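Colleague: Mind walking me through this one? I'd like to go through the fold and the contact between the chains.

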Amino acid sequence: MDYVAPNSAQEVSQALSKEGAFALAGGTDLLVKLKTRMSVPQTVVDIKNVPRIRSIEKTGDSWWIGAATPCAEISEHADFAKDWPGVVEALSLIGSTQIQGRASLGGNLCNASPAADSVPALIAARTTCVISGESGEREVPVESIVQSPGKTSLKQGEFIVGFRLPLSANKSGDAYLRLIPRTEMDIAVVGAGVALSLDTSGKIAAIRIALGAVAPTQVVLSGLEDLCVGKEPNNDLIEKLVAIAEDACKPIDDKRGTVEYRKTIAGVLTKRAFSIALDRAKN
Amino acid sequence: MAKKHVSTTINGDEHEFLCHPQQTLLDVLRDELDLTGSKEGCATGDCGACSVLLDGRLVCSCLVLGVEAQDKNVETIEGMSSGSDLHPLQKKFIDLAALQCGICTPGVLVAAKALLARNANPSEEEVRFWLAGNLCRCTGYDKIVRAVMEVAAEARNTQ
């Protein structure tokens, strides 16, 4: 195995376009795969020297979070945490203090686990990712990346440089909740991310909900704009959201939860995350 | 594959070493530099016995490649005492018998020091949460948590 750590996005793309090349960000998934020989790279391409890939910046109308920025640095960024508390609570759930010091949003997304905690929250927040490749950059929504467990839509030579989130609007809030069998450090049985904003009269102006660990990829709930925009966020509406969440799940049965259990929990977490996001939007 | 040449700073001293790209920082510390204080427990980032600071950030050295240490600042358990003067955390762990077999202890101490550097007055919950990535399979956690809380309290009283 060889190791390279180029200083430009172009050189990283060239290195990644070769057969058997793997991108290294925080390494908290990749090094475990090397150890267990689930991955046997010919070359590990360390992407952390690419400009802006380890940065958090407020630029004009959006936030930039570099794809290899450690989660600990993101949650310590007070302004960002104030704008997107749900995204921060989601990424803070990834592993221990030690893991937080290395793990990144780019890695969590490209590892392509259906249970990745940061991904539903990023999708709810309408996050896009900037992808660099040999032919330049393209920007796509986060939900277009994961294709199936362990598989992404990135082409050979492409990697994610960073994420763009809108600045949080007035009267908006987001939240992420997950259920695990223990109290900390486990893989989500179900995760639910909600982001919403209210108009001046307290009715819903925009809403987005994404679920994790209930299907081969993250699930974005559909039909929410028609159902919710212009409506009071009352119990009747919440019960409709719960039904949509339950119906959208296509989970597996495994030791951490049955299909029925996961569907029910998806509804419960959607309801609770909605309430938290709503409280945040009001304050 | 040829070995890579790496220049880094470990516990304030400049070091140069050669390592294979697949060797972890933990492998390099223990096998190339004879710094065997950091321990290998799980080798998959679950147990925290290999905890070190990398540019001031607490990480598992088993999940860092040795080559990634280029131009970085690494702090290990070997840098914790000043010569034979133990760090207050080390003394307190002995006084309160907050260790038994000792395999987890270097990682716990490095992690606890990192906590107290950023939070001089942690609650018990904060100590337990911060140290949740450091597994101890013999003494248990109560004495470890008590030792960290006492060191924090004593440091505040002497300021």
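**Chain B, then the core and the contact**

Modeller: Sure, and keep in mind that this is a predicted model. A starting point is that residues 24 or more positions apart account for 59% of the contacts in chain B with a separation of 6 or more.

Colleague: In which order do the elements of chain B run from the N terminus on?

Modeller: Chain B has five helices and five strands in its secondary structure. Reading from the N terminus, the order is β-β-α-β-β-β-α-α-α-α.

Colleague: What radius of gyration does chain B have, next to that of a compact globule?

Modeller: The C-alpha atoms of chain B fit a box of roughly 50 × 30 × 25 Å along the principal axes. Of its 159 residues, 43% are buried. A compact globule with 159 residues would come out near 15 Å, and chain B agrees with that, at 16 Å.

Colleague: What arc do the buried residues of H1(B) cover around the axis?

Modeller: Helix H1 of chain B spans residues 25-32, and B:Leu25, B:Leu26, B:Val28 and B:Leu29 are buried there. They sit on the same side of H1(B), because the arc they cover around the axis is only 165°.

Colleague: Which strand is included in what covers those buried residues of H1(B)?

Modeller: Just past the end of H1(B), by the way, B:Asp34 has a positive phi of about 60°. As for the cover over the buried residues of H1(B), it includes a strand of chain B made of residues 13-19, namely E2.

Colleague: Which helix gives the most to the largest nonpolar core?

Modeller: That core has 134 residues, and A:Ile47, A:Val190, A:Val194 and A:Leu211 have the most contacts inside it. Take A:Val194: beyond its neighbours within four places in sequence, its contacts include A:Ala124, A:Ile209, A:Ala273 and A:Phe274. The top contributor to the core, with eight residues, is a helix of chain A covering residues 259-282, H11.

Colleague: And where does the largest share of the side of chain A that touches chain B come from?

Modeller: The contact draws 21 residues from chain A and 23 residues from chain B. On the chain A side, at least two residues each come from strand E1 (2-4), helix H2 (30-35), strand E3 (43-46) and helix H6 (97-100). By class, that side has ten nonpolar, six polar and five charged residues. Its largest share, four residues, comes from H2(A).

Methods. Residues numbered from 1 in each chain as written. Chains lettered and ligands numbered in written order. Predicted model: local features only at pLDDT ≥ 70, side-chain atom pairs only at ≥ 80, totals over all residues. Contact = placed C-beta atoms within 7 Å. Nonpolar A, V, L, I, M, F, W, Y, C, P; charged D, E, K, R; others polar. Core = buried A, V, L, I, M, F, W, Y, C linked by C-beta atoms within 7 Å. Buried ≥ 20, exposed ≤ 12 C-beta atoms within 10 Å, placed from the backbone. Arc of directions from axis to C-beta. Rg over C-alpha atoms; globule rule 2.2 N^0.38 Å.
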